[in-house]
Each structure stands twice: as structure tokens, then as C-alpha cells.
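Student: I have a new structure open and don't know where to start. Can you walk me through it?

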Amino acid sequence: GVCLGRTWLAERVDGDGSTGVGPVGPPEQRYGAFARRYAAGAAARVRLDAEFRRTLRGDVIVRIIAMGRGTAEIRAGATRLNFQPAPTDWSTVEFRTAAAGLAGSDPAATVDVSARGGELFLHLIEVRRPEPTAARKP
């Protein structure tokens with residue numbers, strides 16, 4: 001899961017066939033100590049905490065840190081995209097999406113990352129609120 005203080009904001013849905021690995025990747029990138037390996041065709045699924053989902057409005061930021069020989073097929077709410085991480089270095093993709101597809105009380109509202117065409121290593125799937133914009137002075 002993802003922990004902030006004593007509050008779990010998300011959890012990995014069990015039964016995805018992944019295995020915990022580490023260390024993987026280059027030593028100068030410190031993500032590899034906490035990673036999961038997904039074989040081609042497997043998918044990671046992260047379910048957001050119900051209380052956190054109820055607070056989401058407008059847009060959210062989704063960030064994924066991955067490495068692998070396959071393509072990461074990402075589904076977050078209404079957004080669908082493909083991400084090609086580097087095969088031997090950790091790569092990051094970050095995008096905005098409407099919170100509506102992840103918010104509310106539906107427990108099936110998840111962020112899914114599927115390994116297509118080769119194995120994929122995942123370090124992070126993060127959903128967060130955007131930073132508030134500073135008010136402009138007249």
C-alpha cells in the first residue's frame with residue numbers, strides 16, 4: 001500500500017501474479033529496492049482508499065515509475081495511454097486526468113498498469129491532488 005503517516009491512501013489488489021524483487025535497475029537510481037515484477041500479460045491494479053476517493057475533485061495527477069522491455073498500458077479513470085519505459089533504467093510518466101473516474105464510492109475505481117510485449121518492473125503508481133496554484137496579484 002501507499003502510506004502517509006498512519007493513513008493508507010491506496011492498496012495493490014492481490015492476485016496479480018507479480019513478485020517482489022530487489023534490487024533491480026541501476027544502483028544510482030534508488031527505486032529498485034522496492035519493486036514488483038510483472039510478466040508479459042500481467043497487470044497491476046491499485047485501489048484508492050474510499051475516504052481519499054471521496055475527497056477528489058477536478059483533476060488528479062497520476063505518476064508511474066517503471067522499467068522493462070514491454071509497454072506499460074495504463075488505465076486511470078477515463079484516461080488510457082501507453083508508456084514505453086527504458087529497459088534498464090527507471091522511467092517516469094506523469095499525467096493529469098479527471099478525478100471523476102477515480103472518485104466517489106465505487107470500489108472498482110482503480111488505476112491499472114498492464115505489461116504488454118515483455119516483462120515490466122513497477123516501483124510506483126501514485127495518484128495525488130495537483131498543487132494549488134498561487135493566487136495572482138493584480
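Tutor: We can go from the overall layout to the sheet, the core and the salt bridges.

Tutor: Keep in mind that this is a predicted model.

Student: OK. How many helices and strands does the chain have?

Tutor: The chain has 1 helix and 11 strands. Starting at the N terminus, the elements run β-β-β-β-β-α-β-β-β-β-β-β.

Student: And what is the radius of gyration of the chain?

Tutor: It is 15 Å. A compact globule with 138 residues would have a value near 14 Å, so the chain agrees with that. Along the principal axes, the C-alpha atoms fill a box of roughly 50 × 35 × 30 Å.

Student: What share of the residues counts as buried?

Tutor: Of the 138 residues, 38% count as buried. As for contacts with a separation of 6 or more, 70% of them come from residues 24 or more positions apart.

Student: Let's do sheets. In what order do the strands of the open sheet come?

Tutor: The open sheet has 5 strands in the order E3-E4-E11-E6-E9, with antiparallel pairing. Its edge strands are E3 (19-21) and E9, each of which pairs on one side only. From one strand to the next, the twist averages 35°.

Student: How many bridges are there between E6 and E9?

Tutor: There are 8 bridges, and the two strands pair in the antiparallel sense. One point to look at is alanine 66, which stands opposite serine 91 in E9.

Student: E7 isn't in that order. Which strands does E7 pair with?

Tutor: E7 is joined to E10 by 6 bridges, and the two run antiparallel. On this side, threonine 71 has arginine 116 in E10 as its bridge partner. E7 is also joined to E8 (residues 79-83) by 5 bridges, again antiparallel. There, isoleucine 74 has leucine 81 in E8 as its bridge partner.

Student: How many residues sit between E7 and E8 in the hairpin?

Tutor: There are 2 residues between them, and glycine 77 in the turn has a positive phi of about 65°.

Student: Which side chains of E7 are buried?

Tutor: The side chains along E7 alternate. Ala72, Ile74 and Ala76 point to one face and are buried, while Thr71, Glu73 and Arg75 point to the other face and are not.

Student: Ile74 came up twice now. Which residues touch the most other members of the largest nonpolar core?

Tutor: Ile74 is among them, with Val62, Ile64, Val113, Leu122, Ile125 and Val127, in a core of 28 residues. E5 (43-48), E6, E7, E9, E10 and E11 each supply at least two residues of this core. Apart from it lies another core, of 6 residues, including Val24, Met67, Trp90 and Phe121.

Student: What is valine 113 in contact with, leaving aside its neighbours within four places in sequence?

Tutor: Its contacts include Ala42, Ala43, Ala44, Ile64, Ala72 and Ile74. Leu120, Leu122 and Ile125 are also in contact with valine 113, and so is Glu73.

Student: Switching to charges. How many salt bridges are there?

Tutor: A search of the whole structure finds 11. One of the pairs is arginine 96 with aspartate 59, whose closest N and O atoms are 3.6 Å apart. Arginine 96 lies in strand E9 and aspartate 59 in strand E6, so the pair ties together parts that are 37 residues apart in sequence.

Student: Back to E7 for a second. What does arginine 75 form a salt bridge with?

Tutor: Arginine 75 pairs with aspartate 112, and the closest N and O atoms are 2.5 Å apart. Aspartate 112 is in E10 and arginine 75 in E7, so this pair also links distant parts of the chain, 37 residues apart.

Student: Are those two buried or partly exposed?

Tutor: Aspartate 112 counts as buried at 8% relative accessibility, while arginine 75 counts as partly exposed at 22%. The cut-off for buried is under 20%.

Student: Which residues are joined into one network by salt bridges that share partners?

Tutor: They are Arg63, Glu94, Glu126 and Arg128. Within that network, glutamate 126 bridges to arginine 63 with the closest N and O atoms 3.0 Å apart. Glutamate 126 is in strand E11 and arginine 63 in strand E6, 63 residues apart. Glutamate 126 is partly exposed at 21%, and arginine 63 is partly exposed at 24%.

How values were computed: Residues numbered from 1 in each chain as written. Predicted model: local features only at pLDDT ≥ 70, side-chain atom pairs only at ≥ 80, totals over all residues. Heavy atoms only, no water. Salt bridge = Lys/Arg side-chain N within 4 Å of Asp/Glu carboxyl O. Helix = DSSP H or I, 4+ residues; strand = E, 2+ residues; numbered from the N terminus. Buried < 20%, exposed > 50% of the residue type's maximum accessible area, 1.4 Å probe, protein only. Pairing = 2+ DSSP bridges. Core = buried A, V, L, I, M, F, W, Y, C linked by side-chain atoms within 4.5 Å. Contact = heavy atoms within 4.5 Å. Axes fitted to C-alpha atoms, helices over the stretch in contact; angles between N-to-C directions. Rg over C-alpha atoms; globule rule 2.2 N^0.38 Å.
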